[in-house]
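Trainee: I should like to understand how the terms used for this model are justified. May we go through them one by one?

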Amino acid sequence: MSASNHGHELTKVVVVGGGFGGAYAARQLLRRTRGAVDLTIVSATNYLLFAPLLPEAACGAIEPRHVVVPLRQMLPHARVVTGVVDQVDVHARQAHVVLPDGVTRTLEWDRLILAPGGVPNIIPIPGLLDRAVGVKSLAECIWLRNHVIALLELAESEPDEQRRRELLTFVFVGGGYAGVEMLAELEAMVKRILRYYPRIERAELDWVLVDAAPRILGELTDTLAQYVTDRLLRRGIRVLSRTTIEHVDGTQLRLSTGERLQSETLVWAAGVAPSPLVKTLGVPLERNRVPVDEQLRVLGAPNVWALGDCASVPNAAEGGRPCPPTAQHAQRQAKRVGLNVAASLGFGVAKTFRHPNRGAVATLGVGDGVAQLGPIKLRGKVAWFAARGYHLLALPTFSRRVRVALDWTTQLLLPADIGQLGQLGHPPRLDDAAAAGTGFHALDRPHPHAGSRIS
Ligand SMILES: Cc1cc2nc3c(=O)[nH]c(=O)nc-3n(C[C@H](O)[C@H](O)[C@H](O)COP(=O)(O)OP(=O)(O)OC[C@H]3O[C@@H](n4cnc5c(N)ncnc54)[C@H](O)[C@@H]3O)c2cc1C
């Protein structure tokens, strides 16, 4: 697995994770060393998922394929392995990889960069896992869009009032970026397409945001977070702060306030926990994250660097406080890791990580958003434009930028698309008479009282 350069064995570098941390670190390292390393990047998907644009993919503003950047195109000089690393042996300098067909491989390394990101932060609530859907992957977000449209289709012909309530109540848990943006974008999408569903009244829709913290969007200043809360309330969205879900039973949800909700839709966006892979490192963790020094080297594991959502990274620009789990921070850390690993190979000098926070942006549906860019705070349309521009510039590869810009233009000029494509990714069996050839896709959980008449 090693390559050579003019007869010299190249140093083997393995990068685990092809997201903001891993892919950008690999790119920086290859640039600084001018390709004088044998770099393998292992990732569960063959693309970098540009998560900040997921809510816009979920509401149909962007084609799903355009929010991912294939690693082979982003890193033409790296060896890309699509697979899951389930164990890292720091002493033997080996990473154990499971390939999509179940075959396992061992990769050897001289330097290891760990950036497997995070997994949904799950709280043990009875019934939660049977009902909730997350927002971390493209599959979940596209499922969510199709699910919401499927519910509108059902509600349009549903005579029973209680069932209509279940179909038209949408509950989101988690008031961070992911939950707020996802809810706001989907609510705006539904408002936009409601004219195609004449039997559904706007007043029947109940969008609910549940969050345990005293206020939503802890990443933003009080003023901007309050602005977002006011905007959501004005749009008729209920924001239930200091509230948790206590019990889930089918479509029945019980909140900590005692309120009971009936909903076919429960979206779980209550933060991220570090990837379980970090436990295999055998180093003491810091609040489950991998502790690293100011140059992002893993404490207690020589020649291993860690970054992104899986690591606790001190930021010298913020008095050594650990960075929050954001794409902005992961990308900045990646540049520093790339340079520091190159320095360990004789290319340049390793330096401390410091990143003065550049601010934050969030979109809340077409024409609405908030942005905090240094001392400048923006709201509404201007913020929405700023957020879109910010994301566009941050997208890797020119071709992805063009595709996303074209999607946005199309969205603004043409009517919304309401095709319900839930059957994608679920091809029917050849002998499934109801589905084969018709494109019919049943709701994942059919209603127990199926069979009543359409009004
Ligand atoms: C819906 C949503 C919206 C967001 N919006 C914003 C925003 O507006 N601004 C912002 O700054 N941040 C935002 N974030 C957060 C941001 O996406 C993350 O902080 C960032 O992606 C972290 O980068 P990472 O490299 O650590 O992890 P990721 O980007 O998640 O990458 C991890 C990679 O590792 C791979 N992987 C995982 N486990 C393994 C394994 N065992 N073996 C091999 N590969 C593995 C994954 O497939 C993935 O490619 C958002 C997140 C979500 C979910």
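Trainee: Why is Leu167 called buried?

Mentor: A residue is buried if 20 or more other C-beta atoms lie within 10 Å of its own, exposed if 12 or fewer, and partly exposed in between, with C-beta atoms placed from the backbone. Leu167 has 28 C-beta neighbours inside 10 Å, and therefore counts as buried. Please note that this is a predicted model, in which local features need pLDDT of at least 70 and side-chain atom pairs count only at pLDDT 80 or more, while totals for chains, interfaces and linings use all residues. Residues are numbered from 1 along each chain as its sequence is written.

Trainee: Where is Leu167 placed, and which residues does Leu167 touch?

Mentor: Leu167 belongs to helix 6 (residues 161-168); helices (H or I, at least four residues) and strands (E, at least two) are DSSP runs, numbered from the N terminus. Leaving aside residues up to four places away in sequence, Leu167 touches Leu151, Leu154, Ala155, Glu158 and Glu264, contact being C-beta atoms, placed from the backbone, within 7 Å.

Trainee: What makes strand 3 and strand 11 a pair?

Mentor: Two strands pair if DSSP finds at least two bridges between them. Strand 3 (residues 12-16) and strand 11 (residues 111-114) run parallel and are joined by 4 bridges, so the criterion of at least two is met. One of the bridges links Val14 with Leu112 of strand 11.

Trainee: What is the strand order of the open sheet, and what makes strand 7 and strand 22 its edges?

Mentor: The open sheet has 5 strands in the order 7-4-3-11-22, with parallel pairing. Strand 7 (79-82) and strand 22 (304-306) each pair on one side only, and they are the edge strands.

Trainee: How do you know that the ligand lies between the domains?

Mentor: Domain bounds come from an automatic or database domain assignment, which here gives domain 1 (4-44 + 83-120 + 273-344) and domain 2 (128-270 + 359-413). Both domains give residues to the shell around the ligand, so the ligand lies between them. The centres of the two domains, taken over C-alpha atoms, are 32 Å apart.

Trainee: How do the residues of that shell divide into nonpolar, polar and charged?

Mentor: There are 20 nonpolar, 12 polar and 2 charged residues in the shell. Ala, Val, Leu, Ile, Met, Phe, Trp, Tyr, Cys and Pro count as nonpolar, Asp, Glu, Lys and Arg as charged, and the others, Gly among them, as polar.

How values were computed:
Contact = placed C-beta atoms within 7 Å.
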